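Student: Could you take me through the cysteines in this one? I'd like a close look at how they pair up, or don't.

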Amino acid sequence: MYILPVIVFTGLLGNAVSCCVFSGRELRRLSSSVYVIAVLGSDSGILIGLLFVWLEVLGYSFNHRQGICQLLVFLTYVCSFLSVWYIVCITVENFITICYPAKVKEMCTLQRARAVVIIMLIVAMCLYSLSLISTEVKQHAESKRSMCDRKPEYYVMFSVLTYVDSVITLVIPLTVIALMLTTMSVAIANTFRWKKLSPSREMSRKSFVFNCPQVRVTKMLFALSTSFLIMNAPVHIARLHYLVRAFSRSPGVSYNEGLLQLILLFISYANCSIKFFLFLSFSKNFRKSIKKKYYCKLPKCSRPSEPTFV
């Protein structure tokens with residue numbers, strides 16, 4: 001009742017402000033900004049689904065109404081898939097920037113980023129369109145309450161979809177992100193050796209960094225990928241553990257296990273709402289744009305008007 005609305009409303013507000021900043025003239029020229037805006041949009045979709053969960057806690061069961069039920073299930077699946085894979089795209093782009101900087105201008109282009117975002121959106125909508133027809137609102141026999149649940153005839157298909165979803169949104173992307181982050185960490189550690197290079201080579205490196213805006217956002221993108229891995233890996237590993245245990249017909253979840261799962265779930269949800277604070281902490285351009293776009297519109301930041309004479 002209290003933690004969820006803080007996560008939801010903080011995230012929706014922060015994501016909206018962040019989208020406005022990354023759509024601004026200073027940052028929209030970067031291909032990474034396309035992926036960042038896409039991640040913020042998918043995260044906001046997840047938060048909207050959580051908003052309906054919170055409303056149910058308050059006694060407003062909108063998510064158990066015909067139409068809204070199917071739409072929210074579909075939205076949650078699609079946005080969860082996109083949120084993970086857009087982070088993979090950000091990590092890949094950052095991997096190219098750090099490990100293969102000479103190929104940045106060739107591979108990290110706006111046209112390619114937009115195409116990837118659109119293609120992944122189409123793939124996600126096609127992949128999870130089955131949830132629209134396999135979900136229904138039915139009345140519980142004992143409580144007489146309407147419940148959003150899967151159709152009995154689609155139970156096997158839904159079970160298969162759950163395992164497939166676990167592989168494509170858990171095992172594959174988290175493994176890819178972890179491997180690339182490890183490789184980038186090694187590459188970053190090796191940059192400390194540049195202090196021993198000749199002055200001419202050091203000046204050449206600094207010139208490249210100065211002339212390539214994509215290189216200057218690597219710290220922010222690295223923090224984005226790392227925070228995603230740290231905050232989402234535990235709950236996904238626990239989820240995979242319970243899926244395997246259910247497949248082996250082991251005993252159900254105990255109270256302590258359920259409580260731990262809930263805590264990990266809230267940490268995962270919080271990752272959808274902290275990106276604004278990550279941008280503030282790790283992106284100088286973002287702070288500069290925030291100050292220029294919002295802070296400098298305040299009266300105290302405006303220039304004093306010229307005196308008028310009557």
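Tutor: Sure, let's start with Cys148. At 22% relative accessibility, Cys148 comes out as partly exposed, because the buried class stops at under 20%. Cys69, on the other hand, is buried, with a relative accessible area of just 1%. Keep in mind that this is a predicted model.

Those two cysteines are partners: a disulfide joins Cys69 to Cys148, with 1.8 Å from S to S. The link is right-handed, with 70 degrees about the S-S bond. As for what it connects, Cys69 sits in helix H3 (residues 68–99) and Cys148 in strand S2 (residues 146–150), so the bond ties together parts that are 79 residues apart in sequence. Searching the whole structure turns up 1 disulfide.

What about Cys19 and Cys20? Cys19 is in no disulfide, and its nearest cysteine sulfur, that of Cys20, is 7.0 Å away. Cys20 is in no disulfide either, with the sulfur of Cys19 as its nearest, at 7.0 Å. The reason neither counts as bonded to the other is the cut-off: a disulfide needs the two sulfur atoms within 2.5 Å. Cys20 is partly exposed, by the way, with a relative accessible area of 39%.

For some context from the record, an unreviewed UniProt entry lists residues 67–88 among its "transmembrane region" spans, along with others including 113–133 and 258–282. In the model, residues 113–133 are 90% helix and 0% strand, and the end C-alpha atoms lie 32 Å apart. Residues 258–282 are 84% helix and 0% strand, with 35 Å between the end C-alpha atoms.

Note on methods. Residues numbered from 1 in each chain as written. Predicted model: local features only at pLDDT ≥ 70, side-chain atom pairs only at ≥ 80, totals over all residues. Heavy atoms only, no water. UniProt positions renumbered as here; feature names shortened; annotations may be inferred. Helix = DSSP H or I, 4+ residues; strand = E, 2+ residues; numbered from the N terminus. Buried < 20%, exposed > 50% of the residue type's maximum accessible area, 1.4 Å probe, protein only.
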